[in-house]
Amino acid sequence: MPLRDVVQISQSAYNAPNGVAGYIRRLSESDAEFHSFGYSLSGTFCSSYAPATSYESNNVKKFRLRIKQLAKTVLSRSKLGSLLLINATFRRNADRAVNSYLSSGICADYLIFHDPFSFLSFINKKPKHREKLAIVTHDNGEFGKMLHEQFPKIDLNYLAQLRDSVYTNADAIVLVGNECLKRFQLLYPRWSNKAFHVHTGINGFEARKRNCPERRLLNLVTVGTVNSRKNQISLIRALLDGDNREVFHLTVVGDGDQLIECKQEVARYHLEDAVDFVGSSSDVGRYLHDADVFCMASKDEGLPVAALEAMSVGLPLALTDVGGCSELIDGNGVLIADSSESAICEALHFLNIHRSELQQYGKKSRLLFEQQHSRKRMVMDFCDIFNLI
């Protein structure tokens, strides 16, 4: 029986240092797993394949970043400006990715989209198509929440129209967490019959071997794009509470548009001895192995891949109760009530008084990772969906 062809499409840059791009890269490396289930991953089409660039690589790029951020800030203060930004970035990138697929000569049986803009671009360019269409939402189940946070003045009617066009035309809607699926089904019952949960799978890292400390500083690590949504700045400010700066050391791995502000905050409160910034890294495993606890203070998530990588190493987790994060906490850490500094401080206090149990928490993290988050499990879930649609 011939293999059925699968293609994935996204307006994202293939090498972008974010969770969606990482998800795309892992799927693109999983053709052997797809073959084992009777499918072939025949192509991945993104807006760009250029290497990721640093926000702090040189003074010229710093200056350009500040100009772009200023322009974005000004435009995002109005509905019209927000729409112009979306058209100039997401929709243009989506058209580029979709055009690449349509001109490739590949006749796929199934298309996996990773954003609504590339999905909409495809159905507009090819309204009569034979391909079955799946869209991965990469959010907490609430359509457009991340986009609304990025563009607070965005026209909500525009978001609703975008949502309706995508979900009505999709054959399958994929949620990255089971809690995200439940939220989706509650919010959008009209499409719940074609919504599915796919376990997020990664290769992970080798489990660490050293014990957690009992008398020295607890080394915290957080990994992700440094921005408002990931909320590293509140994690930094939480170190100002009580004796936290004497008890914890934080390593921030990642780059982003709030990195400069975070560094200024550290300098303002003289936290240089308590916080290290290492920028983007191709060796995240090194920083996870050197840590005692993985922390993430996000305001919103789907299912954070960085937390899965920490679980693979065998780190205890401290995650905010957003998106599917609660699925990752089961006797292996602490769920932070919300993204406020006070809630983060409570979680840090918990970690400190339970430091003798952190080694056991880490072992449980590794066990949960092995049971639920392999790359083969993720591919199997996708193939089960394809078999149904």
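This is a short tour of a predicted model, stop by stop, with something to select at each one.

**Stop 1: the start of helix 1**

Select residues 19-28, which form helix 1. Gly19 belongs to this helix, and at 43% relative accessibility Gly19 counts as partly exposed. Now add Asn18 and look at the start of the helix: a side-chain oxygen of Asn18 comes to within 3.3 Å of the backbone nitrogen of Val20. Which residues of helix 1 are buried? They are Ala21, Gly22, Tyr23, Ile24, Arg26 and Leu27.

Before you leave, pick the C-alpha atoms of Gly19 and Asn387. In sequence these two residues are 368 residues apart, and in space their C-alpha atoms are 27 Å apart.

**Stop 2: a sheet of six strands**

Next, show the strands of the sheet with the order 2-1-3-4-5-6. This is an open sheet of 6 strands with parallel pairing. Find its edges: strand 2 (39-45) and strand 6 (195-197) stand there, and each has a single partner strand, so one side of each has no neighbour in the sheet. If you turn the view, you can look for the twist: neighbouring strands of this sheet are turned by 25 degrees against each other on average, direction ignored.

**Stop 3: strand 4 and its neighbours**

Stay in this sheet and select residues 132-136, which are strand 4. How many of the residues of strand 4 are buried? The count is 4 of the 5, so strand 4 is largely enclosed by the rest of the structure.

Now add strand 3, residues 110-113, which pairs with strand 4 in the parallel sense over 4 bridges. Two pairs to highlight here are Tyr110 with its bridge partner Lys132 in strand 4, and Phe113, which stands opposite Ile135 in strand 4.

Then add strand 5, residues 172-175. Strand 4 and strand 5 run parallel and are joined by 3 bridges. Highlight Val136 to see its bridge partner in strand 5, Val174.

**Stop 4: helices around this sheet**

Select helix 5, residues 116-125. Together with strand 3 and strand 4, helix 5 makes a right-handed β-α-β unit.

Bring in helix 7, residues 156-169, as well. Two packed helices are described by the angle between their axes and the distance between the axes. For helix 5 and helix 7, the angle is about 65 degrees and the axes are 10 Å apart. Helix 5 passes helix 7 in a left-handed crossing. To see the contact, show the side chains of Pro116, Phe117, Phe119, Leu120 and Ile123 from helix 5, and of Tyr158, Leu162, Ser165, Val166 and Asn169 from helix 7.

One more helix to select here is helix 8, residues 178-187. Helix 8 lies across strand 5 and strand 6, and runs at about 165 degrees to strand 6.

**Stop 5: another sheet**

Move on to the strands in the order 9-8-7-10-11-12. These 6 strands form an open sheet, and the pairing is parallel. At the edges stand strand 9 (275-279) and strand 12 (333-336), each with a single partner strand, so one side of each is left without a neighbour in the sheet. From one strand to the next, the twist averages 20 degrees.

Look towards the strand 12 edge and select strand 11, residues 317-320. Strand 11 and strand 12 pair in the parallel sense over 4 bridges, and Thr320 stands opposite Ile336 in strand 12.

**Stop 6: strand 8 and helix 11**

Select residues 248-253, which are strand 8. Here 6 of the 6 residues are buried, so strand 8 is largely enclosed by the rest of the structure. In a regular strand the side chains alternate between the two faces of the sheet. Colour the two sides of strand 8 to compare them: Phe248, Leu250 and Val252 are on one side, His249, Thr251 and Val253 are on the other, and all are buried.

Add strand 7, residues 218-223, which runs parallel to strand 8 and is joined to strand 8 by 6 bridges. Val221 has Thr251 of strand 8 as its bridge partner. Towards strand 9, strand 8 pairs in the parallel sense over 4 bridges, and Val253 stands opposite Gly279 in strand 9. Trace the chain from strand 8 through helix 11 to strand 9: this β-α-β crossover is right-handed.

Finish at Glu265, which is found in helix 11, residues 259-268. Is Glu265 buried or exposed? Glu265 has a relative accessible area of 5%, so Glu265 is buried. Show Ile233 and Arg237 too, since Glu265 touches both, not counting residues up to four places away in sequence.

Technical notes
Residues are numbered from 1 along each chain as its sequence is written. This is a predicted model: local features need pLDDT of at least 70, side-chain atom pairs count only at pLDDT 80 or more; totals for chains, interfaces and linings use all residues. Side-chain values use heavy atoms; hydrogens and water are left out. Buried means under 20% relative accessible area, exposed over 50%, partly exposed in between (1.4 Å probe, protein chains only). A polar contact is a pair of N or O atoms within 3.5 Å; within protein, one must be able to donate a hydrogen and the other to accept it, and residues adjacent in sequence count only if both atoms are side-chain atoms. Two strands pair if DSSP finds at least two bridges between them. A crossover is right-handed if, with the strands pointing away from the viewer, the path from the first strand over the helix to the second runs clockwise. Axes are lines fitted to C-alpha atoms, for helices over the stretch in contact, and angles run from 0 to 180 degrees between N-to-C directions. Contact means heavy atoms within 4.5 Å. A crossing is left-handed if the near helix is turned anticlockwise from the far one by less than a right angle, and right-handed if clockwise.
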